[in-house]
Amino acid sequence: MSLETANAIIQYGETGVSIAVLALVYGKYRKNTLTTQWLKKAAWFVALFFAAITLVKIGGRYYFLITDPFGKLMLPPYQSWAWFAQTALQKYLAPYAFALLGGALLYFAAVRTNRYFGGELFLPHDKYILFMAAFMTGWPGFILYLACVVILAVLSSVFFSLKQKSLAMRVVLTVPLFLSVPIVLLFGAAVAPYVNLWKLTI
């Protein structure tokens with residue numbers, strides 16, 4: 001099995017598990033049976049799943065290098081472990097760290113905005129959706145995710161304002177936070193080249 005084939009299998013696995021978890025969470029949300037405690041467990045499952053996937057990617061990278069005549073020249077005793085560690089950090093660990101940082105900053109900014117205006121832009125369980133989205137979309141896909149959330153929130157606000165014939169409709173971001181993840185997972189790769197998203201890679 002080639003490295004490209006292995007990466008494709010892992011990528012499809014990540015997308016499949018992500019959409020399955022989101023569908024389950026969204027189904028419980030629509031049925032009004034979604035609890036914060038249950039969502040917290042789902043968020044931990046996602047975190048552990050992607051941690052395991054990251055270890056598999058790093059292990060797979062090492063295996064393909066050590067079994068390749070030229071690749072093994074990048075490993076000890078020909079090179080120090082620093083090169084391999086730096087590559088693993090930049091390629092496999094940093095995207096999740098950057099996305100999680102972006103999600104945390106966005107959530108705390110929203111909390112301060114809620115307190116300032118006395119509204120509820122984010123509901124209590126939305127932070128767990130942001131947490132899962134950071135793992136599922138990674139970096140720089142998380143930038144597309146945030147843009148998609150804003151677009152869906154605006155469209156939702158306009159739709160319900162027109163439907164209710166009122167401009168005082170309160171925007172709740174829970175549904176845009178949910179729906180933006182599968183949109184980015186399914187179409188992000190096609191959109192990224194047109195917005196030069198590659199410039200944000202690490």
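**An all-helix chain and its cores**

With a relative accessible area of 37%, N7 is partly exposed. In this predicted model, N7 belongs to helix α1, and its C-alpha atom lies 7.9 Å from that of K57, although 50 residues separate the two in sequence. A second pair that is distant in sequence also starts in α1, the helix that holds G13. Between G13 and I53 the C-alpha distance is 9.4 Å, across 40 residues of sequence. G13 is partly exposed, because its relative accessibility is 29% and the class runs from 20% to 50%.

These pairs can be placed in the overall layout of the chain. The chain has six helices and zero strands, so that the order of elements from the N terminus reads α-α-α-α-α-α. Among contacts with a separation of 6 or more, 73% join residues that are 24 or more positions apart. Buried residues make up 35% of the 202 residues in the chain. The chain exposes about 12600 Å², and 69% of this area comes from carbon and sulfur atoms.

What, then, ties α1 and α2 together through charged side chains? Side chains of opposite charge can pair when their charged atoms come close. Here the side chains of E14 and K57 form a salt bridge, with 2.9 Å from N to O. Because E14 sits in helix α1 and K57 in helix α2, the pair links parts of the chain that lie 43 residues apart in sequence. Both partners are buried, E14 as well as K57. The count of salt bridges in the model comes to one. K57 thus appears twice in this account, as the salt-bridge partner of E14 and as the residue whose C-alpha lies 7.9 Å from that of N7.

Turning to the interior, nonpolar side chains tend to be buried together in soluble globular proteins. The largest nonpolar core of this model holds 38 residues, and the members that touch the most others are M132, M136, Y145 and L177. Two or more residues of this core come from each of α1 (3–30), α2 (36–66), α3 (81–117), α4 (126–137), α5 (141–164) and α6 (174–191). Y145 is a good place to begin looking around this core: beyond four places in sequence, Y145 touches I129, L130, A133, T137, L177, S180, V181 and V184. A separate core has six residues, including L75, F84, A88 and Y92.

Y92 also serves as a link to T87, a residue of helix α3. With neighbours up to four places away set aside, T87 contacts R61 and Y92. Is T87 buried or exposed? T87 is buried, because its relative accessible area of 17% falls under the 20% limit.

Helix α6 has an inner face and a bend to inspect. An α-helix has 3.6 residues a turn, so residues three or four places apart point the same way. In α6, the buried residues are T174, P176, L177, F178, S180, V181, V184 and G188. Among them, L177, S180, V181 and V184 are touched by Y145. At L185, α6 bends by about 50 degrees.

A nonpolar patch on the surface is made up of L179, I183, L186, F187, V191, Y194 and V195, which together offer about 700 Å² of accessible area. One of these, Y194, is found in the segment after α6. Y194 counts as exposed, because its relative accessibility of 74% is over the 50% limit.

Two points of backbone geometry remain, both in loops. Most residues other than glycine have a negative phi, and most peptide bonds are trans. Where does the chain depart from the first of these habits? N32, though not a glycine, has a positive phi of about 65 degrees. This residue lies in the loop between α1 and α2 and is exposed, with a relative accessible area of 71%. As for the peptide bonds, W139 and P140 are joined by a cis bond with omega of about 10 degrees. P140 is placed in the loop between α4 and α5.

Notes. Residues numbered from 1 in each chain as written. Predicted model: local features only at pLDDT ≥ 70, side-chain atom pairs only at ≥ 80, totals over all residues. Heavy atoms only, no water. Core = buried A, V, L, I, M, F, W, Y, C linked by side-chain atoms within 4.5 Å. Buried < 20%, exposed > 50% of the residue type's maximum accessible area, 1.4 Å probe, protein only. Helix = DSSP H or I, 4+ residues; strand = E, 2+ residues; numbered from the N terminus. Contact = heavy atoms within 4.5 Å. Bend = angle between axes of the 7 residues up to and from the residue. Patch = residues over 30% accessible without salt bridge, like charges linked within 9 Å, V, L, I, M, F, W, Y side chains within 5 Å. Areas by Shrake-Rupley, 256 points an atom, 1.4 Å probe, with all protein chains shown as cover. Salt bridge = Lys/Arg side-chain N within 4 Å of Asp/Glu carboxyl O.
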